[in-house]
Amino acid sequence: MGRFFISCDEASILSTRDQYNDLSPKEKFRQKLHHGHCLGCRSFDKKSRLFSRTMNSLGWIKLSKSQKKAIKQKLQEAMKK
Amino acid sequence: MPEVKLIPEKWVDRYGDYLFNFTISRVNDSIMAQDLVSETFLAGLKSAHRFKGQSTERTWLISILKRKIIDHYRKSNSKKGQAEVRMSYLDNGDQNGDWMEEQVRDLRNPNVEDEIEQKELGIALNDCIAGLPERYATIFVQKTIDKLDTETICKEHDITASNLWVIIHRARVQLMDCLNSKWFKKA
């Protein structure tokens with residue numbers, strides 16, 4: 001049987017991984033168990049969720065493939081000179 | 001710190017998206033942002049001999065880009081000043097409306113306010129990401145913004161999954177602190 005009680009360091013990493021949906025059911029259980037008695041980690045988890053919501057609310061714009069190609073072409077031409 | 005060497009062949013793939021996002025949040029024009037990013041890379045290439053290797057490639061390129069953005073605003077402001085047509089609202093007898101109401105955007109409109117707030121938040125976050133160590137910033141952006149899977153990032157950086165999560169965790173903590181001081185305390 002695996003360890004159920006985890007340290008605050010481990011709990012905070014689990015909190016981060018949870019924001020990316022990377023936890024197994026067992027890890028989720030461990031995290032919940034830890035949050036049940038640790039106010040500090042519960043508060044960190046709340047902050048982390050707020051941060052994720054903020055990140056997701058921002059529209060991140062990327063260069064399209066054609067834009068990248070055009071820039072690469074310019075750069076390659078300049079490198080040949 | 002080990003001396004950093006420039007690898008211009010990889011600039012577009014490594015920093016293109018980040019620099020583009022950084023620019024577009026400041027100039028609000030996709031074509032102009034693309035031009036500025038492309039000019040930044042060309043300027044970087046031109047002044048590569050002056051790069052001393054004391055900062056990272058990304059920090060160096062961002063400093064060039066910031067100067068390009070300032071130049072862009074200087075140019076557009078001077079053009080605007082030259083081409084400005086001065087009109088007096090009161091000279092036109094047909095218009096009797098309240099010029100204040102007609103001319104000024106209604107900032108109480110929540111959509112406008114939200115848009116401005118989001119833009120400012122984007123700028124603050126970009127500045128915070130720029131302040132992260134390069135490795136942290138790259139991995140954080142790949143995982144959070146590019147949404148790459150863990151395995152791909154681990155392979156690219158030759159790290160284990162647990163290393164990756166520690167890096168992302170540290171990056172997030174630094175960003176939260178940075179945003180807290182730059183943004184949430186102001187609000």
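# Two helical chains and how they meet

Of the 187 residues in chain B, 26% count as buried. This is a predicted model, and chain B comes out with 8 helices and 0 strands. Its partner, chain A, has 4 helices and, again, 0 strands. The two chains touch through 23 residues of chain A and 27 residues of chain B. Below is a quick tour of the chains, the cores in chain B, the interface and a couple of residues worth a look.

**The two chains**

- Reading from the N terminus, chain A goes α-α-α-α.
- Chain A has 81 residues, and 22% of them are buried.
- Take the contacts in chain A between residues at least 6 apart in sequence: 59% of them link residues at least 24 apart.
- Chain B, read from its N terminus, goes α-α-α-α-α-α-α-α.
- For chain B, look at contacts with a separation of 6 or more: residues 24 or more positions apart account for 64% of them.

**Cores**

- The largest nonpolar core holds 18 residues, and the members touching the most others are L19(B), F20(B), V37(B), L61(B) and L65(B).
- Three helices of chain B give two or more residues each to this core: α1 (11-27), α2 (30-46) and α3 (57-83).
- Of these, α1(B) puts in the largest share, with 8 residues.
- Zoom in on L61(B): once you skip neighbours within four places in sequence, its contacts are Y15(B), L19(B), T40(B) and G44(B).
- A separate core of 13 residues sits apart from that one, and its members include L121(B), A137(B), F140(B) and L179(B).
- As background, nonpolar side chains in soluble globular proteins tend to be buried together.

**The interface, from the chain A side**

- As noted, 23 residues of chain A meet 27 residues of chain B.
- On chain A, the helices supplying at least two residues each to the side that touches chain B are α1 (8-18), α3 (39-57) and α4 (65-80).
- The largest share of that side comes from α4(A), which brings 8 residues.
- Sorted by class, the side of chain A that touches chain B has 12 nonpolar, 5 polar and 6 charged residues.

**α4(A) against α2(B)**

- These two helices, α4(A) and α2(B), pack at an angle of about 25°, and their axes are 10 Å apart.
- Angles under 35 degrees count as roughly parallel, so that is the label for α4(A) and α2(B).
- The crossing of α4(A) and α2(B) is right-handed.
- From α4(A), the contact uses Q67(A), I71(A), K74(A), L75(A), A78(A) and M79(A). Facing them from α2(B) are Q34(B), V37(B), S38(B), F41(B), L42(B) and L45(B).
- By class, this contact of α4(A) with α2(B) comes to 8 nonpolar, 3 polar and 1 charged residues.
- V37(B) is worth flagging: it is part of this helix contact, and it is also listed among the best-connected members of the largest nonpolar core, those that touch the most other members.

**α4(A) against α1(B)**

- With α1(B), α4(A) packs at an angle of about 130°, and the axes are 11 Å apart.
- That makes α4(A) and α1(B) oblique to each other.
- The crossing of α4(A) and α1(B) is right-handed.
- On the α4(A) side you'll find K68(A), I71(A), K72(A) and L75(A), which meet W11(B), V12(B) and G16(B) of α1(B).
- Class by class, the contact of α4(A) with α1(B) has 4 nonpolar, 1 polar and 2 charged residues.
- I71(A) and L75(A) take part here, and both also appear in the contact with α2(B).

**Two residues of chain A to click on**

- L63(A) sits in the loop between α3 and α4 of chain A.
- With 24 other C-beta atoms within 10 Å, L63(A) is buried.
- Leaving out residues up to four places away in sequence, L63(A) touches K68(A) in its own chain, plus G16(B), D17(B) and F20(B) across in chain B.
- K32(A) belongs to helix α2 (residues 25-37) of chain A.
- K32(A) has 10 other C-beta atoms within 10 Å, so it is exposed.
- K32(A) and A11(A) are 21 residues apart along the chain, and their C-alpha atoms are separated by 9.2 Å.

Key. Residues numbered from 1 in each chain as written. Chains lettered and ligands numbered in written order. Predicted model: local features only at pLDDT ≥ 70, side-chain atom pairs only at ≥ 80, totals over all residues. Core = buried A, V, L, I, M, F, W, Y, C linked by C-beta atoms within 7 Å. Buried ≥ 20, exposed ≤ 12 C-beta atoms within 10 Å, placed from the backbone. Contact = placed C-beta atoms within 7 Å. Nonpolar A, V, L, I, M, F, W, Y, C, P; charged D, E, K, R; others polar. Axes fitted to C-alpha atoms, helices over the stretch in contact; angles between N-to-C directions. Parallel < 35°, antiparallel > 145°, perpendicular 65-115°, else oblique. Left-handed = near helix turned anticlockwise from the far one by under 90°.
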